[in-house]
Amino acid sequence: MRVLGVDPGLTRCGLGVVDGGTGRTVRPVAVDVVRTSPDADLAVRLLGISDAVERWMDRYKPEAVAVERVFAQHNVRTAMGTAQAGGVVALAAARRGLPVVFHTPSEVKAAVTGSGRADKAQVTGMVMRLLGLEVKPHPADAADALALAICHLWREPMRVRLAEAEARAAEIAKNHKARLAAAAKEAKAQGAAR
């Protein structure tokens, strides 16, 4: 499976494409950072991100998109810009019928390093090791985008299986309740007939 990982941001938006093979095998395909000028109008900045993401989707043809979920930040303006950039990415993926999954920073860190509290250097180091990179992706947004793609490749199959199991369990419970209700109704009817 090929995944486009996106570390959204208005000034720097990290993009990373990773292929996943059998087991936990991952291979880097491409990585870059889209930059927009803080002096530009918000709409122009979002258009620049959208255009770049669309080009990446056309060129690399991912099967899924993993985006970092915005978490509470002290700087509301930064959080809003991050959310808007993530929304533009989700929209571009939806237009192509691609599934989009939002992963929290701690989910990504835990998937890649084994600790949800890992720092940027630990995440970058593990991304380099997992993907066999000799040069550190720079800036950190690039490494984060690759980490998001890896996280998705490793977590999504489990999430899908869990959702399927929950759906099966809900169906079994529904059928069981229906059978109990039917048995109770039949017992009541038999009691009335006596």
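Biologist: Which helices each supply at least two residues of the lining of the largest pocket?

Modeller: This is a predicted model, in which local features need pLDDT of at least 70, side-chain atom pairs count only at pLDDT 80 or more, and totals for chains, interfaces and linings use all residues. Residues are numbered from 1 along each chain as its sequence is written, and side-chain values use heavy atoms, with hydrogens and water left out. A pocket is an open set of points on a 1 Å grid over the protein atoms alone where a 1.4 Å probe fits, with protein on both sides within 12 Å along at least five of seven lines, and lining residues have an atom within 4 Å of a point. Taking helices as DSSP runs of H or I with at least four residues, and strands as runs of E with at least two, numbered from the N terminus, the helices that each supply at least two lining residues are α1, α2, α3 (105–113), α4 (120–131) and α5 (140–193).

Biologist: Which element gives the most to the lining of the largest pocket?

Modeller: The lining of the largest pocket is made up of 32 residues, and P8, G9, L10, T78 and T82 are those that lie nearest the centre. With six residues, the element that gives the most to this lining is α2.

Biologist: At which residues does UniProt place the feature "active site"?

Modeller: The annotation comes from an unreviewed UniProt entry, given in the numbering used here with a shortened feature name, and it may be inferred rather than shown by experiment. The residues that it covers span 135 residues in sequence, yet no two of their C-alpha atoms are more than 10.7 Å apart, so they gather at one spot. The lining of the largest pocket includes D7, E68 and D141 of this set, and the residues that UniProt names are D7, E68 and D141.

Biologist: How far apart at most are the C-alpha atoms of the residues that carry the feature "binding site"?

Modeller: The unreviewed UniProt entry places this feature at D7 and D141. Although they span 135 residues in sequence, they gather at one spot, because their C-alpha atoms are no more than 6.0 Å apart.

Biologist: Is D7 buried or exposed?

Modeller: D7 has its place in strand β1 and, leaving aside neighbours within four places in sequence, is in contact (heavy atoms within 4.5 Å) with R12, C13, G14, E68, D141, D144, A145 and L148. Buried means under 20% relative accessible area, exposed over 50% and partly exposed in between, with a 1.4 Å probe and protein chains only. The relative accessible area of D7 is 5%, so D7 is buried.

Biologist: What is the relative accessible area of E68?

Modeller: E68 is found in strand β4, where, not counting residues up to four places away in sequence, E68 touches V6, D7, P8, F102, H103, P105 and L148. E68 counts as buried, because its relative accessible area is 17%.

Biologist: In which helix does D141 lie?

Modeller: D141 counts as buried at 12% relative accessibility. Leaving aside neighbours within four places in sequence, D141 is in contact with D7, R12, G14 and V33. The helix that holds D141 is α5.

Biologist: From which element does the largest share of the largest nonpolar core come?

Modeller: A nonpolar core is a set of buried Ala, Val, Leu, Ile, Met, Phe, Trp, Tyr and Cys residues joined through side-chain atoms within 4.5 Å. Of the 23 residues in the largest one, L4, V6, L15, I49, M57 and V65 touch the most other members. The largest share of this core, seven residues, comes from α1.
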